[in-house]
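Here is a set of exercises to work through with the structure open beside you. Try each task yourself, then read the solution step by step.

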2 protein chains.
Amino acid sequence: MKIGELAKKTGCKVVTIRYYEKEGLIPKPERTEGNYRLYGKEDLKRLEFIMHCRRHGIKPEAIKKMLAFKDNPQRDCTWVTELVGAHIAEVEAQIASLGHLKEHLEQLRHCCAGGHSGASCGIMQSLDSHGECCAACARCTF
Amino acid sequence: MKIGELAKKTGCKVVTIRYYEKEGLIPKPERTEGNYRLYGKEDLKRLEFIMHCRRHGIKPEAIKKMLAFKDNPQRDCTWVTELVGAHIAEVEAQIASLGHLKEHLEQLRHCCAGGHSGASCGIMQSLDSHGECCAACARCTF
DNA sequence: GCTTGACCCTATAGTTACTATAGCAATTAA
DNA sequence: TTAATTGCTATAGTAACTATAGGGTCAAGC
């Protein structure tokens, strides 16, 4: 199959496939007479694995390691478990941080309902004055 | 005050201050004889405003607009309220998406406790096979 | 006066994970 | 046959900085 078909089947853009090839995530495929890339079932599976990882937010560099591990699976897989665990911790931290940010933004939103000039806009004032509006938060220094 | 002092007072790195200058977020300051940047109270306030916005996750481009508005505040501030509202919506979407991702990652983690070789690692298998492990999710197509 | 170290300067390139553009070749459909 | 689609390469752009190279300025101590 040509690159466009592979792209459709995997949901990965054509340019991104070429990019993954350049980065060494997928091997250089055979070519047709006309120099078009030709992919087979193995390539499809490999790219599906990659996309599956990407949808889990796993970074290309980590995927590269996992692929190397797949290609050479005698080693102990504990590090994969650890990778996933570390990733979960990161995601949790992001969620907490965004939740915190959301609270602040909501406080900020309450500072002004719109319809003011700049100088009397409560949001602008709050951003100016470091928290007349958002002073209540114990978790940070806004 | 010189750039280092401004950096300390605002928590913004020296290089980032210079970057903000290049991007037009802060004006080009006076210079000493030795070509060092010299900042005053107004610069400090402006950069504090910027940092306050950045800590709220507001992007430099939006901050630029807000600064222009501050410099010229006769206009109606409704768009600021809308900006904050849109930002809140974004943050909420991110939180939801990350929460979803976290569920998947936890399912994935349960697939293997480590100590296996690559071929028998449940995590690798799950990432390979498209969700033998994560098939329960109704919200996505992992 | 001289040196050392902290701080400052500019310009350029690198980061991540792609995306966009330019300019051309091959293939396919009408 | 011609037009549209798909493919190719190489290069540059994106956001929001960060790092590097190679130098200049300044205050303190000897």
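The exercises below concern a predicted model, and each task is followed by its worked solution.

**Exercise 1. The surface near DNA strand D**

Task: Find which residues come nearest to DNA strand D, and work out which elements supply the surface around the strand.

Solution. Start with the neighbours: 20 residues lie around DNA strand D. Of these, Lys2(A), Gly4(A), Arg37(A), Gly34(B) and Lys59(B) come nearest.

Next, look at the elements. At least two residues each come from α1 (3-10) and α2 (14-22) of chain A, and from α2 (14-22) and α4 (60-71) of chain B. The element that gives the most is α2(B), with three residues.

Finally, sort the surface by class: there are eight charged, six polar and six nonpolar residues.

**Exercise 2. The surface near DNA strand C**

Task: Carry out the steps of the previous exercise for DNA strand C, naming the closest residues and the elements that supply the surface.

Solution. Begin again with the neighbours. DNA strand C is surrounded by 20 residues, and the closest are Gly34(A), Lys59(A), Lys2(B), Gly4(B) and Arg37(B).

Now for the elements: α2 and α4 (60-71) of chain A, along with α1 (3-10) and α2 of chain B, each supply at least two residues. Here α2(A) has the largest share, three residues.

Sorting by class gives six nonpolar, six polar and eight charged residues for the surface near DNA strand C.

**Exercise 3. Where the two chains meet**

Task: Describe the contact between chain A and chain B, starting with how many residues each chain brings.

Solution. Count the residues: chain A brings 48 and chain B brings 48. On the chain B side, the elements that give two or more residues are α3 (41-55), α4, α5 (78-110) and α6 (122-129). Of these, α5(B) gives the most, with 20 residues. By class, the chain B side holds 22 nonpolar, 17 polar and nine charged residues.

Then turn to the long-axis geometry of one helix pair. α5 (residues 78-110) of chain A packs with α5(B) at an angle of about 155 degrees, and their axes are 9 Å apart. An angle over 145 degrees counts as roughly antiparallel, so that is how α5(A) runs relative to α5(B). The crossing of α5(A) and α5(B) is left-handed. Their contact includes 16 nonpolar, 10 polar and eight charged residues.

**Exercise 4. A helix pair within chain A**

Task: Find how α1(A) and α3(A) are oriented to each other, and which residues make their contact.

Solution. First take the geometry: α1(A) and α3 (residues 41-55) of chain A pack at about 45 degrees, with axes 10 Å apart. The two helices are therefore oblique to each other, and their crossing is right-handed.

Next, list the residues. From α1(A) come Leu6(A), Lys9(A) and Thr10(A), while α3(A) brings Asp43(A), Leu44(A), Leu47(A), Glu48(A) and Met51(A). Four of the contact residues are nonpolar, one is polar and three are charged.

**Exercise 5. A positive phi in each chain**

Task: Locate Asn35(A) and Asn35(B), and decide whether each is buried or exposed.

Solution. Recall the background: most residues other than glycine have a negative phi. Asn35(A), however, has a phi near 75 degrees, a positive value. Asn35(A) sits in the loop between β1 (30-31) and β2 (37-38) of chain A. Asn35(A) has 6 other C-beta atoms within 10 Å, so this residue is exposed.

Repeat this for chain B. Phi of Asn35(B) is near 75 degrees, again positive, and Asn35(B) lies in the loop between β1 (30-31) and β2 (37-38) of chain B. Asn35(B) is exposed because 6 other C-beta atoms lie within 10 Å.

**Exercise 6. Two helix residues**

Task: Place Ser126(B) and Lys70(A) in their helices, and describe their surroundings.

Solution. Ser126(B) belongs to helix α6 of chain B. With 23 other C-beta atoms within 10 Å, Ser126(B) is buried. Cys112(B) is 14 residues away from Ser126(B) in sequence, and their C-alpha atoms are 9.5 Å apart.

Lys70(A) is in helix α4 of chain A. Lys70(A) counts as partly exposed, with 16 C-beta neighbours inside 10 Å. Leaving out residues up to four places away in sequence, Lys70(A) touches Gly118(B) and Met124(B). Within chain A, the C-alpha atoms of Lys70(A) and Arg46(A) are separated by 9.9 Å, and the two residues are 24 residues apart along the chain.

Key:
Residues are numbered from 1 along each chain as its sequence is written. Chains are lettered from A and ligands numbered from 1 in the order in which they are written. This is a predicted model: local features need pLDDT of at least 70, side-chain atom pairs count only at pLDDT 80 or more; totals for chains, interfaces and linings use all residues. A residue is near a molecule or strand if its C-beta atom, placed from the backbone, lies within 6 Å of it. Helices (H or I, at least four residues) and strands (E, at least two) are DSSP runs, numbered from the N terminus. Ala, Val, Leu, Ile, Met, Phe, Trp, Tyr, Cys and Pro count as nonpolar, Asp, Glu, Lys and Arg as charged, and the others, Gly among them, as polar. Two residues are in contact if their C-beta atoms, placed from the backbone, lie within 7 Å. A residue is buried if 20 or more other C-beta atoms lie within 10 Å of its own, exposed if 12 or fewer, and partly exposed in between; C-beta atoms are placed from the backbone. Axes are lines fitted to C-alpha atoms, for helices over the stretch in contact, and angles run from 0 to 180 degrees between N-to-C directions. Angles under 35 degrees count as roughly parallel, over 145 as roughly antiparallel, 65 to 115 as roughly perpendicular and the rest as oblique. A crossing is left-handed if the near helix is turned anticlockwise from the far one by less than a right angle, and right-handed if clockwise.
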